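Hi,

Here is the structure I promised to pass on. Have a look at it first, and then read my notes below.

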Amino acid sequence: MSMDRSVLFNIGLLLALLLVVLALPEYHQGNFARIMVLACFACAYNISFGYTGLLSLGHAMFFSAGLYGVGLTVQLLEFPSEIGFLFGIVCGLVLAVAVGLLALRTTGVSFMIVTLMFSQAFFLTVLLFGEFTRGDEGFVISQDKRTFLGIDLSSDDTRLIVSWVLISLCVLGCQVVVRSRLGKVLVAIRENEERTQMLGFNVFRAKLSALAISGAMAALAGGAYSLLFGYVGATFASVQYSIFPLLWVLLGGTGTLIGPLIGTALMFYLIDISSEFTTAYMLVAGIVLVLLTLYVPEGIVGTIRRRLAPWIQ
Amino acid sequence: MPLLEAHGLIKSFGGLRATDTVDLAVEPGTVHALIGPNGAGKSTLVNLLSGRILPDAGRIVLQGQDISKAPAYRRVQMGIAYTFQITSVFPNMTIEANVELAAMARHKARDAMAQAVDHALETVGLSDRRQQLAGDLAYGHQRLLEIALGIVQKPSLLILDEPTQGLGDAEVQWFVDLLKSLRSETTLLLIEHNMDVVMAVADTITVLQFGRVLASGDPESIQSNAAVQSAYLGG
Ligand SMILES: Nc1ncnc2c1ncn2[C@@H]1O[C@H](COP(=O)(O)OP(=O)(O)O)[C@@H](O)[C@H]1O
Ligand SMILES: [Mg+2]
C-alpha cells in the first residue's frame, strides 16, 4: 500500500487515539477498550454495508460466531486461547460464506430479512444449547485461560493496548481491501451493480468475498471481546447487536475507513450518558438514527470528506 | 464463420412473445444494424445475446463456441461489450475512474490499462474532461462515456442500444463519425431508430417486427423490400 495522504491520515489518527486513551482516567480507559473492540465490529460491517452496499441485519451472528467460537472452545474444551481465537475467526468466515451463498441470491429488503432470519436462528440455537452456552445469563472465561502469546489479557493496561492494536489492524486492513482490485469492484457494485456486471465482473463472487471478509472480521472482534472481557452471553447474538454496527457506521460515515471508529465511540457515550437518565436508551439510539438519515446522511466523516477533504478514503 | 450467431431464440414475457424464433448472424468486421418499430423486440434480442436475460429456447454461438448458458459477465469477458439504452454509468465517479474500472475487467497490466483508457477517452472525445464527475456530464457526453466504457474493453463485438436517442442533430452527426471510426476496431451490433444514421453506417440491416425477423440484408435490399416498406419505412 503506498503511503499517501489517506494512509498517513489514518495512521496519524490512530496514534493520536493511543495518546488520548493513555492519558484518560481509568473509567474512560475501560470504556475505550470496549469501544475499540466494538469498532472492529463496525469496520467489519462497513466492508459489506459501507463499501459494497449490502444492508445486512444479521451481523450479530458473525460477531457471536467469534464470541462463542472462542469462548466455548477456550472455556469448555480448554483449547489454548491462540487456537481458540483462530477457530472463532474461521467460524465467522464459514458462517458468512454459508449465509452469503443463500442470502446473496436476494437483494434489498429481501436480503435484510434473510440475514435477519439467519441471525435469529443463530440466536435461538444459542438459547437452545443453554446447557453449554448458559443462554442469556452467559458464562465467564476464567482468568487463567485469558493469556494470549504469553500476554495476560485480563489486566486493564494490556487490554487497552491490545484493543488499540486490533482497531489499528482493522482500519488499516480495511484500507488494504478498499484499495485492492476487489475493493474497487465492491464500490462499483454499490454504485451501479447492473453496470458492474456488464463490465465483465463476477458480481456474486465479489459480494460473497465482501461478506466473507466482513464475517471473519466481525468474528475476530467477537473472539477478541470474549478473551479481553472474559464474558460470553446471548445478548451479543440478539438483533440489537445487528442494529448497533449499522448505527455506528451510519453515525461515523458509511464507506469511510475511520468513520466506524468515531461512530462507535460517539454512540457508546451517547448511550452511556443517556442510560443515566432513562432506561429507554435504545429509543435514544433510534432518535439519533432518524436525525442522522434526515440531516447528515453521509455521517460525520462522510460529511467532512465532502466538504473539506475529498481525499479521505 | 460469423462472429455471433443466434439460432431459434425465443423469449416470452407473460403471454407476449418479445422474441419469436429469431435467427441472426453477425459477420466480423461489419456494422450490423437492428431496426424496427418501438416494442418490436430489439432491446430484448440484444439482452438475450449479452446474457442479461435468458431465452426460453434457442442457442447463441460466439466464434463457434456455444455461450447459451454463460452468465452475462462471462460473455463480457469473452468479448461482448454492451451499452445500455438508458444511460448507465457510475455517476459519483470521475470519467477517468469510470473508464479505468471498465478497463480493469479486461487488462491486467497497468500500462496496457492506462493506454486503453487514454485511447478510449480520445476516441470518444472526452480526454479533456477526465476529472469531471460522470453524474455532472451533459446527456450527450454521458452517452459518449457509455461508448468509452465499451471500447476500452477492446471487445470483439460492441452492442449499442440506441446510442443517438435523445441527441441533437449536431451530436448525431458526431456519433455517425464516431461509429465509422469504430468500424476498424470492432464489430458493431447497433440498434438505431434514426434511418439516416443506419444508412450512413450499416453494412447489414436486420428488421424486427412483433419479435420476428421481417427481413435481413444489405441496406439497398432492405430499402427496396416491399414488406419492410409497408411495415416500417412507411412506403
Ligand atoms: N422485462 C420485461 N417484462 C415484460 N415485458 C417486457 C420486458 N421487456 C420488454 N418487454 C416487452 O417486450 C416487447 C419488446 O420490448 P423491447 O425489446 O424493449 O422493444 P424495442 O427495444 O424494440 O423497443 C415490448 O412489448 C415490451 O413491453
Ligand atoms: Mg429498446
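**Around the ligand**

An oxygen atom of ligand 1 sits 3.2 Å from a polar backbone atom of B:Ala40. Please keep in mind that this is a predicted model.

Two further polar contacts are worth finding on your screen. A backbone N or O atom of B:Gly41 is 3.0 Å from an oxygen atom of ligand 1, and B:Ser43 brings a polar side-chain atom to 2.9 Å from an oxygen atom of the ligand. On its own, ligand 1 exposes 560 Å², and the protein buries 57% of that.

Which elements of chain B give two or more residues to the shell around ligand 1? They are strand E2 (16–26) and helix H1 (42–50). H1(B) provides the largest share, 3 residues. The shell also includes B:Phe13, B:Pro37 and B:Lys42. Sorted by class, the shell has 5 nonpolar, 5 polar and 1 charged residues.

**The nonpolar cores**

In soluble globular proteins, nonpolar side chains tend to be buried together. In this model, the largest nonpolar core has 143 residues, and B:Val99 and B:Leu145 touch the most other members. Helix H2 (residues 26–51) of chain A supplies the largest share of this core, 16 residues.

Another core, of 28 residues, lies apart from it. Among its members are B:Ala40, B:Leu49, B:Ile191 and B:Leu208. You have met B:Ala40 already, as one of the residues around ligand 1.

Back in the largest core, try selecting B:Leu145: leaving out residues up to four places away in sequence, its contacts include B:Val89, B:Ile95, B:Asn98 and B:Val99.

Enjoy exploring!

Definitions and conventions
Residues are numbered from 1 along each chain as its sequence is written. Chains are lettered from A and ligands numbered from 1 in the order in which they are written. This is a predicted model: local features need pLDDT of at least 70, side-chain atom pairs count only at pLDDT 80 or more; totals for chains, interfaces and linings use all residues. Side-chain values use heavy atoms; hydrogens and water are left out. A nonpolar core is a set of buried Ala, Val, Leu, Ile, Met, Phe, Trp, Tyr and Cys residues joined through side-chain atoms within 4.5 Å. Buried means under 20% relative accessible area, exposed over 50%, partly exposed in between (1.4 Å probe, protein chains only). Helices (H or I, at least four residues) and strands (E, at least two) are DSSP runs, numbered from the N terminus. Contact means heavy atoms within 4.5 Å. A residue is near a molecule or strand if one of its heavy atoms lies within 4 Å of it. A polar contact is a pair of N or O atoms within 3.5 Å; within protein, one must be able to donate a hydrogen and the other to accept it, and residues adjacent in sequence count only if both atoms are side-chain atoms. Accessible areas come from the Shrake-Rupley method with a 1.4 Å probe; for residues, only the protein chains shown count as cover. Ala, Val, Leu, Ile, Met, Phe, Trp, Tyr, Cys and Pro count as nonpolar, Asp, Glu, Lys and Arg as charged, and the others, Gly among them, as polar.
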